[in-house]
Amino acid sequence: MMSDAPGLFGELFADSEMSSAMSDKALLHGMLGFEALLAHALEVEGLAPAGTAAAVAGQCDPDLYDIAELGRAATLAGNPAIPLVKALTARVAVASPEPAKWVHYGATSQDVIDCAYVHMIGRGLKLIDLRLGRLVQAMRPLLEAHRATPVIGRTFLQQAIPISFGVKAALWLDPVLESRRILHDILEAPVVQFSGAAGTLAALGDDAERVQNQFVDVTLGAPSSLIPWHAQRHRNARLAAELGILTGNLGKIARDVSLMAQTEIGELAEPEAPGKGGSSAMPHKRNPVLCTLILAAAQRAPGLVGTMLTAMPHEHERALGGWHAEWPTLPELFRVAGAALAQTVTLMEGLQVFPERMRANIDLTHGLVMSERVSVALADALGKAQAHHLLEEASRVCLTEDRHLREVLGNLAAVTDHLDDSTLDHLFDPSTYRGASDAIIDRVLLRCEHPRETARPKDSA
């Protein structure tokens with residue numbers, strides 16, 4: 001497990017909040033919580049004598065145990081649950097010998113560890129959900145403020161046609177909203193594990209179902225799946241995949257911002273802060289460090305997701321190797337995704353937008369990026385093929401003679417016979433070339449208000 005204390009890399013790759021949520025102490029807390037809840041279920045259902053739950057719970061404070069010592073014992077035992085159960089039983093026995101007989105009764109190591117991971121996952125998902133909420137609040141104003149701010153759309157890294165920056169931000173935000181909905185659903189529907197040695201709780205005999213129901217009810221507060229998932233790991237794999245998807249979408253945002261922040265482009269910039277983004281060799285540099293770290297996370301996440309998917313085929317009722325591969329992998333994925341998300345929140349909360357540079361870059365090609373619009377306008381009169389050919393020829397003249405396309409077209413009778421000066425001026429105004437832009441933005445804004453809403457706004461096309 002990764003140390004909670006920041007090292008030489010500080011919080012570049014794992015922030016302290018998420019590291020704490022995914023820490024050894026958090027895992028130990030979850031393991032001890034399992035044992036306390038099991039003792040409670042056994043007592044409520046009449047198997048264990050009165051006082052058992054209190055006696056066990058009284059020894060379930062994580063601070064009572066030496067994590068390093070448990071770790072050394074786990075190296076020999078094969079998992080940390082075995083030495084922990086021994087240590088817990090010993091502590092309970094010192095105070096109350098009879099309740100000590102019921103520690104871990106009917107359970108198996110995987111029950112303890114899987115439930116502890118459910119506890120950790122819940123902590124991690126709450127942090128993810130809070131950060132996603134902040135990210136949505138930081139990004140939403142971009143859609144509203146830049147609904148009509150023209151920026152060049154780029155395909156294959158080349159200038160294509162103007163779009164609005166509001167649309168670009170909407171396309172960043174929509175996948176974030178999707179991930180928030182999916183991860184929130186996972187957070188709201190945890191599935192615990194109490195199934196015994198081979199999934200049947202045979203050690204509890206005829207009392208198995210009652211004790212299991214009591215354990216699930218007191219743990220979750222509501223019924224949940226009672227099917228053992230010792231060797232059915234699809235839920236963990238699905239969670240891992242969604243964390244990977246989220247991190248990849250954050251990487252998409254960072255990729256776009258970093259490209260738009262290039263010196264020659266200058267349309268966006270990361271938030272300014274003393275000492276941020278400097279170079280050890282070049283004093284003038286302002287490196288996009290937040291984007292760098294988000295992209296690093298986006299490149300690390302797929303390997304971790306791949307490990308979770310590769311670990312899915314478990315042998316028979318309990319696995320060797322596959323289950324164990326999950327232990328360090330899923331917490332690390334939470335750290336990676338959590339850090340990328342925190343950095344994206346910082347990026348979006350302080351993102352600098354330069355509309356004048358966006359407009360200047362649209363004008364770099366002397367109007368060529370508006371050729372599609374003019375061609376469409378001429379198609380009714382000339383036919384699509386002829387209009388396209390005319391614009392191709394005019395574009396060549398524009399490039400050869402270093403003239404603006406508006407000027408070239410204004411001198412062609414084939415154009416002016418059908419389009420007057422005011423119409424041409426309108427066709428070359430990128431802020432009016434909007435298509436479904438408003439509808440796209442409105443749909444995403446609606447989804448911000450109603451995360452499960454998929455219908456189009458009533459006033460959209």
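Show the whole chain as a cartoon first, and 19 helices and four strands come into view, where helices (H or I, at least four residues) and strands (E, at least two) are DSSP runs numbered from the N terminus. This is a predicted model, in which local features need pLDDT of at least 70 and side-chain atom pairs count only at pLDDT 80 or more, while totals for chains, interfaces and linings use all residues. Residues are numbered from 1 along each chain as its sequence is written, and side-chain values use heavy atoms, with hydrogens and water left out.

**The whole chain**

Keep everything selected for a moment and turn the model along its principal axes, where the C-alpha atoms fill a box of roughly 100 × 55 × 35 Å. The radius of gyration of the chain is 30 Å, whereas a compact globule of 461 residues would have a value near 23 Å; the radius is taken over C-alpha atoms, and the globule rule is 2.2 Å times the number of residues to the power 0.38.

Switch to a surface, and about 21900 Å² of the chain is exposed, with carbon and sulfur atoms supplying 57% of that area; accessible areas come from the Shrake-Rupley method with a 1.4 Å probe, and for residues only the protein chains shown count as cover. Of the 461 residues, 47% count as buried, a word that here means under 20% relative accessible area, with exposed meaning over 50% and partly exposed in between (1.4 Å probe, protein chains only).

Colouring by charge picks out 40 positive and 55 negative side chains, and the centres of the two sets lie 1 Å apart. In this count Lys and Arg are positive and Asp and Glu negative, while His and the chain ends are not counted; the place of a charge is taken as NZ of Lys, CZ of Arg, CG of Asp or CD of Glu.

Among the contacts in the chain with a separation of 6 or more, 74% are accounted for by residues 24 or more positions apart, contact meaning heavy atoms within 4.5 Å.

**The hairpin of E1 and E2**

Next, select residues 150-155, which are strand E1, together with residues 158-164, which are strand E2; the two run antiparallel and are joined by five bridges. Strands are said to pair if DSSP finds at least two bridges between them. To follow the ladder, pick Pro150, whose bridge partner in E2 is Ser164, and then Val151, whose partner in E2 is Ile163.

E1 and E2 form a hairpin with two residues between them, and Phe156 is found in that loop. Phi of Phe156 is near 55°, a positive value in a residue other than glycine, and at 82% relative accessibility Phe156 counts as exposed.

**Along helix H7**

Now select residues 109-145, helix H7, which is where Gly122 has its place. Gly122 is buried, with a relative accessible area of 19%, and if you draw a distance from its C-alpha atom to that of Ile82, 40 residues apart along the chain, the separation is 24 Å.

Further along, Val136 is also found in helix H7. Is Val136 buried or exposed? Val136 is buried, with a relative accessible area of 3%. Not counting residues up to four places away in sequence, Val136 touches Leu173, Val176, Leu177, Arg180 and Cys448. By contrast, the C-alpha atoms of Val136 and Ala160, 24 residues apart along the chain, are separated by 28 Å.

**Helix H11**

Move on to residues 289-310, helix H11, and select Leu295 within it. At 11% relative accessibility, Leu295 counts as buried. Leaving aside its neighbours within four places in sequence, Leu295 is in contact with Gly251, Ala254, Arg255 and Ser258. The C-alpha atoms of Leu295 and Asn249, 46 residues apart along the chain, are separated by 9.9 Å.

**Two loops to finish**

Select Gly46, which lies in the loop between helix H2 (24-44) and helix H3 (52-57). Gly46 counts as exposed at 59% relative accessibility, and its C-alpha atom is separated by 48 Å from that of Val176, 130 residues apart along the chain.

Last, go to Asp402, found in the loop between helix H15 (384-401) and helix H16 (405-410). Although Asp402 is not a glycine, it has a positive phi of about 55°, and at 58% relative accessibility Asp402 counts as exposed.
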